[in-house]
Amino acid sequence: MKESKPAPPLPPFSALVVDDEELYAQAIRRELERAGIACECAFNAREALHRCEKGRYQAILLDHHLPDDDGLRLIPLMLARQHGASVIMMTAYQTIPNAVEAIRLGADDYVVKETSLAPLVERVVELRRREALRLLAASVGELPPVSLLGRSAPMLEVLAQLQKIAKAPETTVLITGETGVGKDVACRHLHSTSRPEKSPLVAVDCLAMPENLAESILFGHEKGSFTGADQTRAGAFEESKDGTIFLDEIGDMSSNLQGKLLRVLESRTFKRVGSSKEQTLRARVVAATNRDLRELVEQNVFRQDLFQRLSVFPLRIPPLRERGEDILLLAEHFRSYFAEKLEKTIEPISETVAARLMEYDYPGNVRELRNIIERAAITAEGSKIEVKHLPQRVLEAALRADATEPPLPFDFVPGIDTLGTLEQRMIKQAMRRAGGVRTEAARLLGISRYQLLRRMEKYSIKAEEHDEE
C-alpha cells in the first residue's frame with residue numbers, strides 16, 4: 001500500500017474584500033479567517049487602491065458596483081499594484097457581457113452574491129491551494145506547464161517564426177496578442193533556443209512600474225542620485241546581461257520613458273541614473289503588448305519611431321478561438337499536469353466534456369483554459385472530469401449554441417438525399433445567408449466556428465468571396 005505523504009504546510013495567504021456593503025464584507029472576512037486566510041476589507045475604490053499600494057494580497061474579492069467607481073475599471077489598476085493576484089468579481093446580478101469583460105481585464109472568476117458564503121469561501125481556499133502548488137513547483141525549480149503547444153496551422157506558423165528569429169540573437173522582437181495567449185511563454189521559448197545556457201531572462205511589467213521609479217527599474221541608479229537612493233542598484237537592462245529582457249505591456253509605457261528606451265535600442269548602450277558611464281546592451285530585447293500599437297501611434301499615445309524600432313520582427317500569437325484543435329490538446333496537457341500535482345488519478349477528458357470546451361470562445365485564452373481545467377481537476381470527486389465541474393460561463397456558451405434561429409429551410413428528396421448531402425446543403429445555405437462570414441454561418445447552424453471549418457473541409461466546400469478571411 002502506497003504510504004501517503006504528509007501535506008506540506010500552507011504558505012501565508014492574504015485576501016482583500018472590496019464591497020460597500022460593510023456587513024457583507026465583514027461576514028466574508030470572518031468566514032475566510034475561520035478557513036485560516038488572513039483578510040482585510042475596503043468599502044470603496046479609493047480605500048481599496050490605497051490598501052493595494054501598502055499591502056500584499058494573493059486574492060481580491062471585488063464588488064462590481066462601488067459608490068465611487070466601477071469594479072471592472074478597477075481590475076487592471078489593482079493587478080498593476082498586486083501582480084500575480086487572483087481577482088474574483090462579485091455582483092448581485094450576473095450578465096454574460098460583464099463576465100466576459102471581467103475575464104478579459106484579468107479577473108479569474110465572476111460570481112453572483114448568494115445568501116450562503118460557502119461557495120465564495122471555497123473558491124478562495126481553492127486559490128490558496130493553487131498558490132501553494134505554484135510555490136512548491138518553484139521551490140524545486142520546475143517551470144509552469146508549457147502552454148505554447150499547438151498543432152493548428154496558426155500555431156505551427158508561430159513556432160516556425162520563432163525558429164527563424166532564434167538565428168538572429170540581437171534582433172528586437174515585438175510579440176502581440178490578446179491577454180492570456182502566452183506571449184510570455186513565447187518569450188521564454190525564444191530565450192531558451194537563442195541565448196547562452198543559463199543566461200538570465202529578466203521580465204519587466206511596464207504597466208505596473210511606478211512612474212517615479214520606472215527609469216531606475218530599467219536602467220538602475222547610483223547611490224545618492226535621488227532622494228531615497230541610499231545604495232547603488234543595477235537595473236533590468238544591466239541584470240539581463242547576455243540573456244533576454246522582456247518588456248511586457250509595452251503599450252502602457254509612459255511617453256517620457258519611450259524616448260529613453262528608443263535611445264537605448266538605437267545606440268545599444270544605457271546609463272544608470274546619476275552615472276556618466278555608458279554600458280553596452282548585450283541582451284535581446286523582447287517587447288509584448290495586448291494593445292494595438294498602430295492605433296496608439298495614430299492617437300499620439302505611442303511614438304512612431306519607437307514602434308518602428310520595436311517592430312523589426314513582429315510576432316502575433318493567435319487567440320485560442322482561432323486555434324480550434326489546440327483547445328483539446330492544451331486541455332489534455334493541463335489535465336495531466338494537474339493530475340500529477342494534485343496526486344489524483346484523472347482520466348482523459350471525455351467526449352461530452354470536450355464538446356462543451358470546444359463551444360466556448362475563451363476571452364481569457366490559454367490562461368483561462370488552464371484555470372478551467374485546474375478548477376475541474378480540483379473539484380472532481382472521482383477520477384473523471386464531468387460537465388458539472390465546468391464553470392457556468394462555459395455551459396452557457398453551449399446553451400447559446402443550441403438556441404439558434406429558426407431552422408434553415410431545405411427540401412428533402414427521398415431516395416436521393418442522405419444525411420451527408422443535407423448537411424452540405426445546410427452549410428452552403430448558411431454561408432450564403434451569412435454573406436460568407438464563417439463565424440455568423442456557424443452561429444446560424446448552432447455549431448462552433450471550428451466545427452464548421454472541419455465540416456467544410458470534409459465536404460470540400462469553398463468559402464464564398466465575402467469570407468471574413
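Select T289 and the residues around it. Leaving out positions up to four places away in sequence, T289 touches L174, I175, T176, G177, K183, E249, I250 and G251. The model is predicted, and the values in this tour are computed from it. T289 belongs to strand 15, residues 284–289. Is T289 buried or exposed? Its relative accessible area is 0%, so T289 is buried. Now show its polar contacts: the T289 side chain reaches the backbone nitrogen of R291 at 3.0 Å.

Next, select T244, in strand 12, which covers residues 244–248. With a relative accessible area of 1%, T244 is also under the 20% limit and therefore buried. Which side chain does the T244 side chain join in a polar contact of 2.7 Å? The partner is H191. With residues up to four places away in sequence set aside, the contacts of T244 include C187, H191 and R195. P200, L201 and V202 are also among the residues that T244 touches, and so are A283, R284 and V286.

From T244, move to E197, in the loop between helix 7 (183–194) and strand 9 (201–205). E197 has 72% relative accessibility and so counts as exposed. Draw a C-alpha to C-alpha distance from E197 to G243: the two are 8.9 Å apart in space and 46 residues apart in sequence.

Now go to T91, in strand 6, residues 86–91. T91 counts as buried because its relative accessibility is 2%, under the 20% limit. How far apart in space are T91 and V111, C-alpha to C-alpha? The distance is 6.5 Å, with their positions 20 residues apart in sequence. V111 is also one of the contacts of T91 once neighbours within four places are left aside. The others listed with V111 are D63, H64, Y110, V112 and K113.

Zoom out to the whole protein chain for a moment. The chain has 469 residues, of which 47% are buried. Its secondary structure comes to 19 helices and 16 strands. Taking contacts between residues at least 6 apart in sequence, 70% join residues at least 24 apart.

Select helix 13, residues 326–342. Helix 13 has 17 residues and spans 24 Å from its first C-alpha to its last, close to the expected 24 Å. Colour its buried residues: D326, I327, L330, A331, F334, R335, Y337, F338, A339 and L342. An α-helix has 3.6 residues a turn, so residues three or four places apart point the same way. Step past the end of helix 13 to E343, which takes a positive phi of about 55 degrees.

Two further residues are worth selecting for their backbone angles. R268 has a positive phi of about 60 degrees although it is not a glycine. R268 sits in the loop between helix 10 (255–267) and strand 13 (269–270). Its relative accessible area is 18%, under the 20% limit, so R268 is buried. Y362 is likewise not a glycine and has a positive phi of about 55 degrees. Y362 is found in the loop between helix 14 (351–359) and helix 15. Y362 counts as buried because its relative accessibility is 0%.

Continue along the chain into helix 15, residues 365–379. Helix 15 has 15 residues and reaches 21 Å from first C-alpha to last, close to the 21 Å expected at 1.5 Å a residue. Its buried residues are N365, V366, E368, L369, N371, I372, I373, E374, A376 and A377.

Keep helix 15 on screen and finish at the cavity. Rolling a probe the size of a water molecule over the atoms shows where empty space is left. How many cavities of 30 Å³ or more does a search of the whole structure find? The search finds one. The largest cavity has a volume of about 40 Å³. To see its lining, select D108, D109, R123, N371, I372, R375, P391 and R393. Which helix gives the largest share of this lining? Helix 15 does, with three residues. By class, the lining residues divide into five charged, two nonpolar and one polar. N371 and I372 appear both in this lining and among the buried residues of helix 15.

Note on methods. Residues are numbered from 1 along each chain as its sequence is written. This is a predicted model: local features need pLDDT of at least 70, side-chain atom pairs count only at pLDDT 80 or more; totals for chains, interfaces and linings use all residues. Side-chain values use heavy atoms; hydrogens and water are left out. On a 1 Å grid over the protein atoms alone, a cavity is a set of points where a 1.4 Å probe fits but cannot get out, and a pocket is an open set with protein on both sides within 12 Å along at least five of seven lines; lining residues have an atom within 4 Å of a point. Grid points are joined across faces, edges and corners, and a volume is the space filled by probe spheres set on the points. Helices (H or I, at least four residues) and strands (E, at least two) are DSSP runs, numbered from the N terminus. Ala, Val, Leu, Ile, Met, Phe, Trp, Tyr, Cys and Pro count as nonpolar, Asp, Glu, Lys and Arg as charged, and the others, Gly among them, as polar. Buried means under 20% relative accessible area, exposed over 50%, partly exposed in between (1.4 Å probe, protein chains only). A polar contact is a pair of N or O atoms within 3.5 Å; within protein, one must be able to donate a hydrogen and the other to accept it, and residues adjacent in sequence count only if both atoms are side-chain atoms. Contact means heavy atoms within 4.5 Å. The expected span of a helix is 1.5 Å times one less than its number of residues.
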